[in-house]
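This report walks through the overall build of one protein, from its charges and outline to its interior. Please keep the sequence and the model at hand while reading.

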Amino acid sequence: MRFKFGTYSLKIKTYNSSELGIEKEHPNLDFTIRQKVFHFWFIPLFPVDKFWKVKRSDTGEEVLETTPKMRNAIDLKVLKQKSPIWSYSGSIVIAIPLLLLMGYFLYGVVDNAIDNVNKNVAKNNRIDNKEELVKAPEINDLYTFKTLDVDIVTDMNGHFVKYKPSYFSSPTKVDYVVNYISKDSIGFEFIKSRNYSNHTFGFKQEFRLSKNELILATKNYQDLKIQKYPNEVGAKTKDIVGVFEIVRGEEMDVN
């Protein structure tokens, strides 16, 4: 398939000698300003240049020889003449879907950024609320702990980098009720038939944790010593625990 592109021109404005103020010296002349455009398949993409031609108004014969006064008069009009909007029509047609696509993309980026900000604000608010409840605990506060299996990630030299969630693991939630409070620590007892669990999933029936440990666990998973079988030092797989939720003001049936 052969592509057709190039340039052509169209008339955009015509002035007579009287409009140019040269009717005494050069009567019966028409000065036509033409817009030259670059086209693709004759669809104008953008303007290239403007030029003018002179014809006799009575015969239509083209005038090839011009005087400085004629040229100065029409050149002033050409300088003030703006390129018509149609000379950009092809570029506009191409630009519209691109602008729509860009707008859709930017809308998605902004919407996603706002959503992430809202999620982070909500998360921080939840963390702040949990931290306040840890700092001022009450008997029968309901704590939901969330445990996750993770695998060790090492660099090429075998040195520890981080832990990542195990491929086949999924978080497990289990409920405990506060049954002991001291200045620096909180005691917990497993409670059945609550929001998430009826058994301890390898957790101890009762345990105590410092408030500092619990505050850290409200923000990120920690290696809390609350399992029946603690993680071994340097283990490739381990269980880490976070404080998922703290509920206050509900009646508890402790079994």
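## Charge, outline and cores

The protein carries 37 positive and 32 negative charges, whose mean positions lie 8 Å apart. These values, like the others in this report, come from a predicted model.

In outline, the C-alpha trace spans about 115 × 45 × 30 Å along the principal axes of the protein, and the radius of gyration is 40 Å, whereas a compact globule of 255 residues would have a value near 18 Å. About 17,100 Å² of the protein is exposed, with carbon and sulfur atoms supplying 54% of that area, while buried residues make up 30% of the 255 residues. Of the contacts with a separation of 6 or more, 61% join residues that are 24 or more positions apart.

The protein has 4 helices and 10 strands, which follow one another along the sequence in the pattern β-α-β-β-β-α-α-β-β-β-β-β-α-β.

In soluble globular proteins, nonpolar side chains tend to be buried together. Here the largest nonpolar core has 21 residues, and those with the most contacts inside it are Tyr143, Phe145, Tyr176, Phe188, Leu214 and Ile226. The elements in the table each supply at least two residues of this core.

| Element | Residues |
|---|---|
| α3 | 89-135 |
| β5 | 142-154 |
| β7 | 172-181 |
| β8 | 185-190 |
| β9 | 206-210 |
| α4 | 211-219 |
| β10 | 237-247 |

Apart from this core lies another, of 12 residues, which include Leu29, Ile33, Met70 and Ala73.

Notes: Residues are numbered from 1 along each chain as its sequence is written. This is a predicted model: local features need pLDDT of at least 70, side-chain atom pairs count only at pLDDT 80 or more; totals for chains, interfaces and linings use all residues. Side-chain values use heavy atoms; hydrogens and water are left out. The radius of gyration is taken over C-alpha atoms; the globule rule is 2.2 Å times the number of residues to the power 0.38. Buried means under 20% relative accessible area, exposed over 50%, partly exposed in between (1.4 Å probe, protein chains only). Contact means heavy atoms within 4.5 Å. Accessible areas come from the Shrake-Rupley method with a 1.4 Å probe; for residues, only the protein chains shown count as cover. Lys and Arg count as positive and Asp and Glu as negative; His and the chain ends are not counted. The place of a charge is taken as NZ of Lys, CZ of Arg, CG of Asp or CD of Glu. A nonpolar core is a set of buried Ala, Val, Leu, Ile, Met, Phe, Trp, Tyr and Cys residues joined through side-chain atoms within 4.5 Å.
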